[in-house]
Amino acid sequence: LVDMNLRYAHVRDKGAGRTQISLTQRDRTVPCRQGTTEDGDPDPLGPCTGVNPWFMYQGTIPSINANCPPGLPGFKCGDLKNKINFNRSSTQDSEGDQVFYYADVGLSDGLSLRYNLGWSEVVQRVNKDGDYTNRIGSAANPLLSADAGVPFNDLLSGVDYLYDERSHELQLISHFDGKFNFITGIFFYENDTTWSVPLQSYAGSFRFKNADTAAAAASPFYGFIPVSNCQDVLTKVASGFLGINTNPALLNEAGSYWGCPQGNDHTQFFLFSTNGKSKTRAAFVSVDYRFDERWFLSGGVRYTEDRKTQGFDGGFIIGEFLGAGVPLTIFFDDSDLQQRTWRQTIGNVSLQYTPADNMMVYGRVSTGYRAGGFNTYSPGAPTDPIEKETLINYELGLKGLFLDQRLQLTSAVFYNAFDDYQINARQEVPAQFQLPTSDSPLNE
């Protein structure tokens, strides 16, 4: 006897990408963003940290009351509205295909063989207005706003996402009439995921600057270093005085290098892309044994091997980094092309006791495992690669109906003992890119 089932799903979603609404009015009276105090509060006397995109903005913020003061949460001035400002169209185009298949083959009255197949592929592209205003550039100068003739932001952000996964599983399953039954099998899984995050600025001060022309116009650099082109800025200033890497051949060793952007249009000034591949191989067995109507024992063992490769993890950013109006490019790459492998054997055993038809007490001991991963090479970052995480779990529970079935109780107590517990955390890099100090919680 053979039982087969095949399902195929295709999904297409075209429309507007998800975005956020503004929750407060902005200060439109100052031309630049201000720094913050040590307590994190705005510092009106602090240095300028960038263009204030709302300076002299003539429009409204449609999500909140127009009379709401700057900085006050908008919901305190009335109901929030699901409305946004934009001048760059928001688009979403995603497409996905999924296949699920299984086949059961009866080998005998007490044994069957089951094959499971899973396959999924997703392609998604999203673009949205990145500055949450509807300001546009003037006809005379697209780098100055049409409403006030001042520097402003006009951003378009996007995400490109590619995802492909495949899995195969073969199981041998018993259906014996006796006290003992089992499931054993092998499992294969592969995954390939790519993210790309481009960011475009239509009002950046360096958008239409030619790097060589800007460098010649800035000479002598800072009043004492003559330069004739962008490469001079790199070799005579960035490399010689600041110790910055300007050799592309040392990118993987240094983590980044500085270069000169090509051409006269730097609208796309930022790109980050990452690609990861993983493979999992596993073998497992699970057994059940029923002593009688009251006592039931189960357990299992699984061996897993995970292999991961980081195909690429990097990108570039263009900006006027040295303060002399010369556009420069920083290329960064934290890729680790070496395949990493983690292995672990885990298992579980549980005992159940049913003193009555509507009550069950159980105890369980199980182990768990999560494969490691990749971290960046940034100075001060925790070790790379990330170690595998393991767990021992102890559990006791009681489930049942009480008080003439008027009370349903589901209770359990747990104790989890982790080793190399993985968490996401950020830590301020100490002075001069030193490693984290011994009192850092990340070193515990």
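How many residues does the hairpin use to join β4 to β5? The answer is 4 residues. That turn is a handy place to start on this structure, which is a predicted model.

## The chain at a glance

The protein chain has 3 helices and 15 strands. Of its 444 residues, 33% are buried. If you take the contacts between residues at least 6 apart in sequence, 68% of them join residues at least 24 apart.

## From β4 through β5 to β6

Strand β4 covers residues 91-106 and strand β5 covers residues 111-129. The two run antiparallel, and 16 bridges join them. One pair to look for is Val-105, whose bridge partner in β5 is Leu-113.

On to the next strand along: β5 also pairs with β6 (residues 155-174), again in the antiparallel sense, over 19 bridges. Here Leu-113 turns up once more, standing opposite Leu-172 in β6. If you click on Leu-113, then, you can pick out Val-105 of the β4 pairing and Leu-172 of the β6 pairing.

## Thr-193 in β7

Strand β7 runs over residues 180-201, and Thr-193 sits in it. Is Thr-193 buried or exposed? Its relative accessible area is 15%, so Thr-193 is buried, the cut-off for that class being under 20%.

Leaving out residues up to four places away in sequence, Thr-193 touches Tyr-161, Leu-162 and Tyr-163, along with Thr-274, Asn-275 and Gly-276.

## How α1 and α2 meet

Helix α1 takes in residues 211-218 and helix α2 residues 230-239. Their axes come within 7 Å and cross at roughly 60 degrees. The two helices are therefore oblique to each other. On the α1 side, the contact is made by Ala-211, Asp-212 and Ala-215; on the α2 side, by Cys-230, Gln-231 and Val-233. Sorted by class, that contact has 4 nonpolar residues, 1 polar and 1 charged.

The loop between these helices holds Pro-220. Have a look at the peptide bond leading into Pro-220 from Ser-219: this bond is cis, with omega near -5 degrees. As background, most peptide bonds are trans.

## The largest nonpolar core

Which residues touch the most other members of the largest nonpolar core? They are Phe-221, Val-233, Leu-234, Trp-258, Leu-322, Val-326 and Leu-328, out of 17 residues in the core. The elements giving two or more residues to this core are α1, α2 and β11 (328-333). Helix α2 gives the most, with 5 residues.

Leu-328 is a good one to explore. Not counting residues up to four places away in sequence, its contacts include Cys-230, Val-233 and Leu-234. Leu-328 also touches Trp-258, Gly-259 and Pro-261, and then a run of partners that includes Ile-317, Ile-318, Gly-319, Phe-321 and Leu-322. Val-233 links two parts of this story: it is one of the α2 residues in the contact with α1, and it is among the core residues named above.

Gly-323 lies in the loop between β10 (295-319) and β11. At 64% relative accessibility, Gly-323 counts as exposed. Gly-323 and Tyr-222 are 101 residues apart along the chain, yet their C-alpha atoms are separated by 9.1 Å.

## The β14-β15 hairpin

Strands β14 and β15 run antiparallel and are joined by 13 bridges. Phe-402 stands opposite Leu-407 in β15. The two strands form a hairpin with 4 residues between them, and Leu-403 in the turn has a positive phi of about 55 degrees.

Gln-405 is found in the loop between β14 (389-402) and β15 (407-419) too. Its phi is near 65 degrees, another positive value in a residue other than glycine. Gln-405 is exposed, with a relative accessible area of 57%.

## One more positive phi

Most residues other than glycine have a negative phi. Met-56 has a positive one, near 60 degrees. Where is Met-56 placed? Look in the loop between β3 (48-51) and β4. With 36% relative accessibility, Met-56 counts as partly exposed.

Technical notes: Residues are numbered from 1 along each chain as its sequence is written. This is a predicted model: local features need pLDDT of at least 70, side-chain atom pairs count only at pLDDT 80 or more; totals for chains, interfaces and linings use all residues. Side-chain values use heavy atoms; hydrogens and water are left out. Buried means under 20% relative accessible area, exposed over 50%, partly exposed in between (1.4 Å probe, protein chains only). Contact means heavy atoms within 4.5 Å. Axes are lines fitted to C-alpha atoms, for helices over the stretch in contact, and angles run from 0 to 180 degrees between N-to-C directions. Angles under 35 degrees count as roughly parallel, over 145 as roughly antiparallel, 65 to 115 as roughly perpendicular and the rest as oblique. Ala, Val, Leu, Ile, Met, Phe, Trp, Tyr, Cys and Pro count as nonpolar, Asp, Glu, Lys and Arg as charged, and the others, Gly among them, as polar. Two strands pair if DSSP finds at least two bridges between them. A nonpolar core is a set of buried Ala, Val, Leu, Ile, Met, Phe, Trp, Tyr and Cys residues joined through side-chain atoms within 4.5 Å.
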